[in-house]
Amino acid sequence: MKNLITKIIFFLGLVPIISSGQISQKVWYDGNSRAMFYRDALSGNLKDIDTTSTRSEGEGYTAIDLGMHFTPNDEIEIFSEIRIKNDFGYMWGSGAYVDLRRLSVKGILNDRISFNLGDMYLKQTAFTLNNFDQELSKYEPSVFQAYRDLIEYENFYLDNYWRMQGLQSNFSYTFYNAINSVEADFFASRVRGVEWLGEPELLMLGGTSLIKLENSLSLALNHVNAFEVQSSSLDTATYYNPVTNIQLKYAKKINSLTYRLSLDVGGSTRGWEKGDGTNIFETSGNFIKGKIKAVGKNIKSSLAFSYVDPNFRSAGAQSRRVNYISAPSSYAYYTNNTILRPVSLMDITTDPNIYNHRLSTSLMQYNTLYSAVSPYGEATPNRVGTSALFDYKNNDESILASADLAFFQEIIGQGTEEKRSLLSSGLSVAAHIDKMTPLKNKTVFEVSISSEGVTRGGSELESISFNSLLLSAGLSYELFKNLKLIGGIKSFSGKGNEVGAQRDEYDQVVGYELLDFDSKEEIMMLGLQYNFTNDIYFSLQTNQIEIDDKTSDIAQLSLSRIYFMFNMNL
Amino acid sequence: MKKLSYLFLTITLIFISCDKEGIEGPSLNDLFGELNILEDFAIINDSATFNNESAYFTAKFSKIVDWKISIIGQSSGAEKIILGKSNEINATNSLWSGEVTTLPFFKEENCSVLLTFPNHSDSIYGTFKINEAKTYGNGSELVVSDFENGFNPNFTNFFQSTCLKKIETGDAGQSDRYLVQEGTCDWDWLIGYIDYPASHWFDQGVLNANPDNVYFNMMINGDSTLSPTNEANSLFKLEFYEDENQDGYYDQNTEDRLEVEFDVDWNGWKMVSIKYSDLILAWNSGGNAIREPNKILKIRTLLLANPESGFAKADVDYIVWSEGSAILNQ
């Protein structure tokens, strides 16, 4: 720790000296700052029933992420971000941490080839490398922005990119013939380092080649390969998982609408190989997705068909954000039996510590209650079906509406020849009431509904009937300039039965868990938010959280929370 | 545009029309379904002469299930267990040629047959008659002693004054009679020993010279419940003396002694089978270190026990040499 601080001071001191010695060098700074505090208190009946948990608990911290950009010349930029964090409740630095949060070098070679070393954000397609959104986050009202910003920032979630470390390079050439341009992007990343007597080192190599033709047609080849290095461990077998995705895209404008057709075809192989070259286990699976999208001034809609083989495996595209094998920050253990509290809507919405940062070589656990239809995003194996999206906005953008509908079916039955039918749908409306009415203060009302349903026929044992519903609403009313009164609710309910699959180390289904759900969860919030800018704000709010699992006598939680956050992104 | 649309649609439909055969994972019905007997449990050939016949069982279930057929001799107490996991019992998975799982050997007797399911409470009962019990061996076996004619006085032996050996009738491992060895000796590890001279089996035939092909078999009856600590208290040692120069004597300076010892940590009869090539050369053995079963002079069986731990017991029966495999596998 002391050593790190010394290095940081040395680095901070040295950089301006270097920069002042050469006229073309520049150093500039940016950064983010956050102060967060919350306090939870047991409420409702639980306060009387649970006599072993503390009546209230909470924590908070102040953190500054200081970003430093050093450009020794026009082609190179060195970036480092140092976090200085101080937990509330400590003195004289005992609860303070200094960490290197990000470090990267990027530049351009000969004005043609760009490169990036160190920390980088990577994304390809939904089947090769994609950090798909967490469950229960679709159409989330903006009044929950403070929580969402915290989760995404702390977990390095930038859109659907995975944050990784390694080397990335890309270049493009423009032509003046049938081929408009050729673009190429390559990366080499170290997903998991060497562990003493542990798992082998895990690397991922990948690349994209894109050819754009003059007739609005483009062809892309995406390939990633995640593999363990045999020589880096005493393990007798190492993992490999190459995935390839060929994309064909075509765009054409007809009248006022631009149509985009896309076709994704590809496949994966995943297995474990011994040192002598023999395979212990290997599976292969294909996928295909066809999509037509129409974009106009006020509407955007798409219709897609997809098929993902039951044996399709992609570490880059199927790794989940929510890690269900983790302890929540708030009341991790509860009830008089002091049991570990399962991850719930509250934790998914508010707790950054239950999220995963790293690609997983196996299908991660998920909770059917919250994610029954596509637990592994678009790359969820054993799905065939169709999906449609529709977005609308009126001319003054006072009304924004979105709707989606997806219907899938299993390709192969799980434990039975009967196949699941899976339906998900959603509708969201955001209304800027001040634009529609004489009201002068900015007022935004958002409401959304998302539902999932799973059915399966057959005998009493085989049949499944499960439905879940997430209702969200938010209201933001500007009391005076930049100060808003915010209120919102997320209400989730799930009821029915499902059959959870138990998988072995190779992700093969080896057993089942008969599940019954009858659960209702709510987060209600009311507070104030002051926006200095869009990215600089403070939010003070009170939350009421209710969890009631009717299938269990003890799985209930009722919390009252006070939450404060100051957020500054520069 | 139109051609591309058709292309996209066609390729998509081709994939979508793909349907996988079978199911993913084990059958739900097998794991959680109710067990129903679709075809009654039946014993095909409800009696058998096991020297040239066999029997098998049939049944059909509504799911793949672990099942267990127990055949218990009503007179001998011998038990044969057949285990399986299937939704059908038939000749391929339940054929029985009279072998035993838990000694003693079956006799000519009536047997109880019980079909049970470890994970279900259901059980089905039946009966079976053994007209003639199976005889073990492939024709090359040499019997050292089965004690049916009593204890051979030519078997030299020594037992401590507080210990005994005696022939008992009833509850034998094989046939009717067996040798009891038991007692308490609080001053010495030795309870007693018996020498079995090779002349008593070599007059029946010769033993194969290949030690990988020769097995020594012996039924031993342990009973730890008689020990004061209710724990295994008997140590059994086997010594094989080779007469390498065939002069009719054993000389430890020039000839080999092979041995093996083990705890008698079981209750009831058990067949102990040892391949001759697995025997260990005694520390003071002075011979050619080649295991030569055809040159054995005598076998000595020793019953030992810790003097401090009290009573020890290890009865013996049906001592026999076999060739090719252990006697129970023949």
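In the predicted model, 31% of the 570 residues of chain A count as buried. The secondary structure of this chain comprises six helices and 25 strands. Chain A has a radius of gyration of 25 Å, close to the 25 Å that the globule rule gives for 570 residues, so chain A is as compact as a globular protein of that length. Taken along the principal axes, its C-alpha atoms fill a box of roughly 70 × 65 × 65 Å. Of the contacts in chain A between residues at least 6 apart in sequence, 60% join residues at least 24 apart.

Strand β20 of chain A, residues 443-456, has partners that can be followed in detail. With strand β19 (residues 421-432) of chain A, β20(A) pairs in the antiparallel sense over twelve bridges. Within this pairing, A:S424 stands opposite A:E452. With strand β21 (residues 464-480) of chain A, β20(A) also pairs in the antiparallel sense, here over 14 bridges. In that case A:F445 of β20(A) is set opposite A:L475 of β21(A).

In a regular strand the side chains alternate between the two faces of the sheet. The two faces of β20(A) are distinguished by their cover. The covered face is made up of A:V444, A:E446, A:S448, A:S450, A:E452, A:V454 and A:R456. The uncovered face holds A:T443, A:F445, A:V447, A:I449, A:S451, A:G453 and A:T455. A:E452, which stands opposite A:S424, therefore belongs to the covered face, whereas A:F445, opposite A:L475, lies on the uncovered one.Two loop residues of chain A have backbone angles of note. Most residues other than glycine have a negative phi, and most peptide bonds are trans. A:D159 has a positive phi of about 50 degrees although it is not a glycine. This residue, A:D159, sits in the loop between α3 (145-154) and β6 (162-174) of chain A. It counts as exposed, because A:D159 has 10 C-beta neighbours inside 10 Å. A:D507, likewise a residue other than glycine, has a positive phi near 70 degrees. The loop that holds A:D507 runs between β22 (483-503) and β23 (509-531) of chain A. A:D507 has 18 C-beta neighbours inside 10 Å and so counts as partly exposed.

Chain B has 330 residues, of which 33% count as buried. Its secondary structure consists of four helices and 19 strands. The radius of gyration of chain B is 28 Å, while a compact globule of 330 residues would have a value near 20 Å. The C-alpha trace of chain B spans about 100 × 50 × 45 Å along its principal axes. The domain assignment divides chain B into domain 1 (29-132) and domain 2 (142-329). The centres of domain 1 and domain 2 of chain B, taken over C-alpha atoms, are separated by 35 Å. Among contacts in chain B with a separation of 6 or more, 72% are between residues 24 or more positions apart.

Chain B contains an open sheet of six strands, with antiparallel pairing and the order β9-β12-β18-β14-β15-β17. At the edges stand β9 (157-159) and β17 (280-281) of chain B, each with a single partner strand, so one side of each is left without a neighbour in the sheet. Within the sheet order, β14 is followed by β15. Strand β14 (residues 235-242) and strand β15 (residues 257-263) of chain B pair in the antiparallel sense over seven bridges. One of the residue pairs joins B:L235 to its bridge partner B:D263 in β15(B).

A cis peptide bond links B:L103 to B:P104 in chain B, with omega near 10 degrees. B:P104 is placed in the loop between α3 (91-94) and β6 (110-116) of chain B.

As to confidence, the mean pLDDT of chain B is 90, and 92% of its residues reach 70 or more. Among the elements of chain B, β14(B) has the highest mean pLDDT, 96, and helix α1 (residues 2-16) has the lowest, 60. Where pLDDT is low, the predicted coordinates should not be read in detail. The model scores an ipTM of 0.80 and a pTM of 0.78.

Notes:
Residues numbered from 1 in each chain as written. Chains lettered and ligands numbered in written order. Predicted model: local features only at pLDDT ≥ 70, side-chain atom pairs only at ≥ 80, totals over all residues. Domains from an automatic or database assignment. Pairing = 2+ DSSP bridges. Rg over C-alpha atoms; globule rule 2.2 N^0.38 Å. Buried ≥ 20, exposed ≤ 12 C-beta atoms within 10 Å, placed from the backbone. Contact = placed C-beta atoms within 7 Å. pLDDT = per-residue confidence, 0-100.
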